[in-house]
Amino acid sequence: MSNRFLIAVAALVCGMLCAAHVKVFVSLSPMLEAVEAIGGRHVEAAVLLPPGSSPETYQPDARLLNRLGKADAVFVIGVPFEEVLVAKLKASFPKLNVIDGTKGMKKRTFEDGGNDPHVWLSCSNMMKYAENVAETLSELMPDEADDFQKALKKYNDGLQKTSAKIRAELSGLEGRTLLVYHPAFGYFLEAYGITQLAIEEEGKEPTGGYLQKALRLGRKLKVKAVFVQPQFSPRSAKTIANELKCRVVSIDPLPKKLTDGLLKLADALKKGE
């Protein structure tokens with residue numbers, strides 16, 4: 001057996017080993033960053049929520065369910081569209097790893113008492129999410145566990161630096177109340193001492209009475225902007241902005257790249273105020 005043949009076989013085996021990976025799904029695009037940063041070449045990751053869709057109203061179809069049946073793990077975080085999806089997954093694929101990515105996170109609730117699912121807008125929560133990802137990947141690929149832990153430390157160190165930058169950017173807004181259309185930013189704002197006042201009434205278009213209440217509070221607070229997001233109609237926000245003679249500023253709670261998105265969010269909030 002020639003050395004050339006042995007080298008070719010070794011190269012083939014090495015290539016097969018290097019190509020080994022697991023297939024995972026995450027709920028939303030911001031969560032993809034953590035999985036790819038920690039898993040690297042060992043992970044093939046995809047997002048459940050299609051671009052432009054709302055996590056409150058999206059309805060997964062049979063095609064997505066079939067794709068999930070071939071996955072090694074699915075990381076969920078408690079957004080509304082997951083409720084039906086998770087039930088179907090457990091019924092159709094009982095051996096599939098459906099992982100609660102929010103384990104260890106500090107949760108908050110809305111004013112009406114419902115759970116706030118926007119956990120990805122908190123750097124500290126995303127550090128917990130990253131820990132859960134590293135733990136799951138280490139169980140699926142134990143030979144790569146050391147690499148996953150090293151990548152976890154690097155990613156979480158980056159999140160800490162990002163949080164420090166945001167705190168510096170938003171310095172001076174502590175104690176302020178910002179007027180938003182959809183109450184998606186509680187985790188983000190509370191981390192830096194800021195409160196959100198939502199135009200939406202319990203997740204629905206506001207009634208006339210609620211709009212008047214928002215106007216009174218807006219005048220009292222002397223708001224300079226109404227913050228809207230691209231996933232929802234800004235009609236009511238524009239009505240209030242016209243009454244308050246303030247601007248409408250668009251901010252996206254579903255950035256494709258989480259770290260960059262959080263920094264851009266802080267910049268937009270600072271400029272809006």
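At 2% relative accessibility, D116 counts as buried (buried is under 20% relative accessible area, exposed is over 50%, and partly exposed is in between, using a 1.4 Å probe and protein chains only). That residue is a good way into this predicted model, where local features need pLDDT of at least 70, side-chain atom pairs count only at pLDDT 80 or more, and totals for chains, interfaces and linings use all residues. Residues are numbered from 1 along each chain as its sequence is written, and side-chain values use heavy atoms, with hydrogens and water left out.

**The overall picture**

- The protein has 10 helices and eight strands; these are DSSP runs numbered from the N terminus, with helices being H or I runs of at least four residues and strands E runs of at least two.
- Measuring along the principal axes, the C-alpha trace spans about 85 × 40 × 30 Å.
- Of the 273 residues in the protein, 47% are buried.
- Take the contacts (heavy atoms within 4.5 Å) between residues at least 6 apart in sequence: 61% of them join residues at least 24 apart.

**Salt bridges around R108**

- Side chains of opposite charge can pair when their charged atoms come close.
- Searching the whole structure turns up seven salt bridges, each being a side-chain nitrogen of Lys or Arg within 4 Å of a carboxyl oxygen of Asp or Glu.
- One of them ties D116 to R108, with the closest N and O atoms 2.5 Å apart.
- R108 is also buried, at 15% relative accessibility.
- R108 has a salt bridge with E190 as well, and there the closest N and O atoms are 2.9 Å apart.
- That R108 and E190 pair links distant parts of the chain: R108 sits in the loop between β4 (97–100) and α5 (123–140), while E190 belongs to helix α7 (residues 186–190), 82 residues apart.
- E190 is partly exposed, with a relative accessible area of 47%.

**A salt bridge inside one helix**

- D267 and K271 meet through their side chains in a salt bridge, at 3.2 Å from N to O.
- Why are D267 and K271 separated by about one helical turn? Because they are four residues apart in helix α10 (residues 258–272).
- D267 is partly exposed at 29% relative accessibility, whereas K271 is exposed, with a relative accessible area of 60%.
- Back at the other group, salt bridges that share partners join R108, D116 and E190 into one network.

**H118 and its surroundings**

- H118 is placed in the loop between β4 and α5.
- With a relative accessible area of 3%, H118 is buried.
- The H118 side chain makes a polar contact with the side chain of D116, at 2.6 Å. A polar contact here is a pair of N or O atoms within 3.5 Å; within protein, one must be able to donate a hydrogen and the other to accept it, and residues adjacent in sequence count only if both atoms are side-chain atoms.
- If you skip the neighbours within four places in sequence, H118 is in contact with E56, F110, H182, P183, A184 and Y187.

**The cavity and a pocket**

- Some ground rules: on a 1 Å grid over the protein atoms alone, a cavity is a set of points where a 1.4 Å probe fits but cannot get out, and a pocket is an open set with protein on both sides within 12 Å along at least five of seven lines; lining residues have an atom within 4 Å of a point.
- Grid points are joined across faces, edges and corners, and a volume is the space filled by probe spheres set on the points.
- The count comes to one cavity of 30 Å³ or more.
- The largest cavity has a volume of about 50 Å³, and its lining includes H118, E56, H182 and A184.
- That lining divides into six nonpolar, four polar and one charged residue. Ala, Val, Leu, Ile, Met, Phe, Trp, Tyr, Cys and Pro count as nonpolar, Asp, Glu, Lys and Arg as charged, and the others, Gly among them, as polar.
- The second largest pocket holds about 230 Å³ of space.
- It is lined by 13 residues, and those closest to its centre are S29, P50, P51, G52 and L254.

**Two lysines with positive phi**

- Most residues other than glycine have a negative phi.
- K222, in the loop between α8 (208–221) and β7 (225–228), has a positive phi near 55° and is exposed, with a relative accessible area of 66%.
- K245 has a positive phi of about 55° too; its place is the loop between α9 (235–244) and β8 (247–250), and it counts as exposed at 76% relative accessibility.
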